[in-house]
Amino acid sequence: MALRMWASSTANALRLSSKASLSPAFSLHRCFSSGILDGLKYAPSHEWVKHEGPVASVGITDHAQDHLGEVVFVDLPEPGGSVSKGGSFGAVESVKATSDINSPISGEIVEVNTKLTETPGLVNSSPYEDGWMIKVKPSDPSELGSLMGPKEYTKFCEEEDAAH
Amino acid sequence: MTIPQRQKLGRPLMKLIRLREWPILQQLHIEEQLLRTSSENWCIINDGTREPTIVMGVSGKPAELLEIKPVLHDQVPVIKRFTGGGTVIVDGGSIFVTFICNKDAVPDLQPYPRPIMSWSSLIYNEVFHGTGDFHLRENDYVFGNRKFGGNAQSITKGRWIHHTSFLWDYEIRNMAYLKLPSRAPEYRSARDHLEFICRMKDYISRSDFIDRTVRALGTHFSVESEELEAIQSGRSTKFSPLSRLLTAQEIESASCELESPKSLACFSSP
């Protein structure tokens with residue numbers, strides 16, 4: 001189980017570094033061996049959030065996309081709606097399943113990634129960049145404080161995988 | 001969310017609803033409501049559905065998956081369901097089995113599509129033990145290399161549903177409403193429907209299948225029967241299910257756009 005986990009983590013890291021076209025902003029961030037980026041905050045339901053000024057971007061993590069399999073459809077809301085911390089705002093379809101996507105923060109949806117309609121696979125190939133899902137104007141930025149940092153999330157994923 | 005009562009033996013409680021020829025849309029509505037608003041584990045078994053009905057997955061596109069003209073001409077109902085997966089046509093020869101579970105109901109099971117699919121095959125390994133060459137092949141239940149059970153799932157933060165439509169029997173003419181899907185499992189090898197599927201009735205009777213399924217569940221859960229009326233009386237009027245019947249106009253529009261995406265006729269029909 002441990003060997004498989006390490007191989008999966010290494011594969012994820014390699015996939016991110018070789019396939020993903022990291023922008024200069026992201027390439028400056030450390031990439032943890034488990035495909036987890038520095039500079040982001042993480043929810044226990046495997047979504048990430050990047051807070052930049054008045055807007056926060058949200059997507060699902062590399063760990064999540066790896067466990068879900070090939071994403072073939074992404075169902076996202078319209079801009080202008082609102083999200084609540086921990087509440088579902090959409091879903092991805094992979095294999096034969098729809099899986100809820102939950103927002104790590106509360107706020108107003110100001111932008112939705114329309115590229116995911118035609119190219120849902122961006123969630124797999126670029127979960128932290130081109131695969132972003134929504135941008136939110138946070139209503140309570142202090143909610144970010146309760147989310148996990150990269151080290152904490154790395155440990156969370158390792159413990160979750162080890163437990164099963 | 002309350003944790004379901006565990007029996008002394010440590011098996012979690014699972015409530016069983018047995019239906020007969022219940023309309024598939026109503027079954028889907030009950031399932032979605034139980035997934036989203038209940039904190040219990042459930043098994044629903046529906047032995048057949050009265051009217052032949054096409055059921056597509058959440059992202060299904062009628063123009064890509066259906067032979068539109070005969071579907072419209074014969075007024076075959078088309079449903080888009082809340083779970084993922086492919087397209088089936090169901091009728092009285094179908095048997096439906098659904099598991100709705102809390103994510104901690106099955107020890108050591110990660111709430112992701114592939115682990116849930118694998119776990120479900122363990123249940124059916126017990127059901128079909130000594131009967132046919134059963135296995136899970138990619139995401140289908142097969143005897144040999146012929147599919148007789150199609151699966152779909154939906155996973156929320158704390159719960160999941162895995163439901164299956166089994167082809168106990170089918171009408172050959174009904175398969176003509178379905179196109180060969182562009183996204184198909186590798187083992188299908190471009191076979192048309194009749195070469196790809198098989199009938200469960202050639203292996204097991206309806207009653208044996210259902211009895212064995214309940215018995216197999218009993219090795220993993222403490223199963224208690226529940227009456228549908230008990231659920232219906234407690235149903236929340238605020239819950240709006242996603243599964244719905246497509247209108248003829250929606251199906252016709254999809255066909256029109258496929259044939260001629262910019263045709264004015266697509267927009268002028270009432």
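**Chatting through a two-chain model**

Tutor: Let's begin with chain A, which has six helices and nine strands. Keep in mind that this is a predicted model.

Student: Sure. How many of chain A's residues are buried?

Tutor: Chain A has 164 residues, and 51% of them count as buried. As for its contacts between residues at least 6 apart in sequence, 64% join residues at least 24 apart.

Student: And the strands, what order do they take in the open sheet of chain A?

Tutor: Six strands of chain A make up that open sheet, running β1-β2-β3-β9-β8-β5, with antiparallel pairing. The edges are β1 (41–42) and β5 (82–83) of chain A, each of which pairs on one side only.

Student: What does β5(A) pair with?

Tutor: With β8 of chain A, residues 107–112; the two run antiparallel and are joined by two bridges. If you want a spot to look at, A:S82 stands opposite A:E108 in β8(A).

Student: Moving along the sheet, is β3(A) mostly buried or exposed?

Tutor: Buried. Five of the six residues in β3 of chain A (residues 55–60) are buried, so that strand is largely enclosed by the rest of the structure.

Student: Okay, which strands does β3(A) pair with, and over how many bridges?

Tutor: Six bridges join β3(A) to β2 of chain A (residues 47–52), and these two run antiparallel. β3(A) also pairs with β9 of chain A (residues 134–138), again antiparallel, over three bridges.

Student: Can I follow that through a particular residue?

Tutor: Try A:S57. Its bridge partner in β2(A) is A:K50, and its bridge partner in β9(A) is A:K135.

Student: Nice. What links β2(A) and β3(A)?

Tutor: They form a hairpin with two residues between the strands. In the turn you'll find A:G53, which has a positive phi of about 65°.

Student: Switching to chain B, what is it built from?

Tutor: Ten helices and twelve strands. Chain B has 270 residues, of which 51% count as buried. Of its contacts between residues at least 6 apart in sequence, 77% join residues at least 24 apart.

Student: How many residues are in contact where the chains meet?

Tutor: On the chain B side there are 26, in contact with 23 residues of chain A. The area buried between the two chains is about 1,900 Å², and carbon and sulfur atoms give 51% of that.

Student: Which chain B residues lose the most area there?

Tutor: B:Q110, B:Y112 and B:K157, which together account for 30% of what the chain B side buries.

Student: How many salt bridges are there between the chains?

Tutor: Two. One salt bridge has the side chains of B:D140 and A:K96 meeting at 3.8 Å, N to O. The interface also has 16 residue pairs in polar contact, with both residues at pLDDT 80 or more.

Student: Which elements of chain B give two or more residues to that side?

Tutor: Those are α4 (113–127) and β9 (146–155) of chain B. β9(B) gives the most, with six residues. By class, the chain B side has eight nonpolar, eleven polar and seven charged residues.

Student: So which strand of chain A does β9(B) pair with?

Tutor: With β7 of chain A, residues 97–102. The two strands pair in the parallel sense over three bridges. To find the place in the model, go to A:A97, whose bridge partner in β9(B) is B:Q153.

Key. Residues numbered from 1 in each chain as written. Chains lettered and ligands numbered in written order. Predicted model: local features only at pLDDT ≥ 70, side-chain atom pairs only at ≥ 80, totals over all residues. Heavy atoms only, no water. Contact = heavy atoms within 4.5 Å. Buried area = accessible area lost by both parts, 1.4 Å probe. Salt bridge = Lys/Arg side-chain N within 4 Å of Asp/Glu carboxyl O. Polar contact = N/O pair within 3.5 Å; in protein donor to acceptor, adjacent residues only side chain to side chain. Helix = DSSP H or I, 4+ residues; strand = E, 2+ residues; numbered from the N terminus. Nonpolar A, V, L, I, M, F, W, Y, C, P; charged D, E, K, R; others polar. Pairing = 2+ DSSP bridges. Buried < 20%, exposed > 50% of the residue type's maximum accessible area, 1.4 Å probe, protein only.
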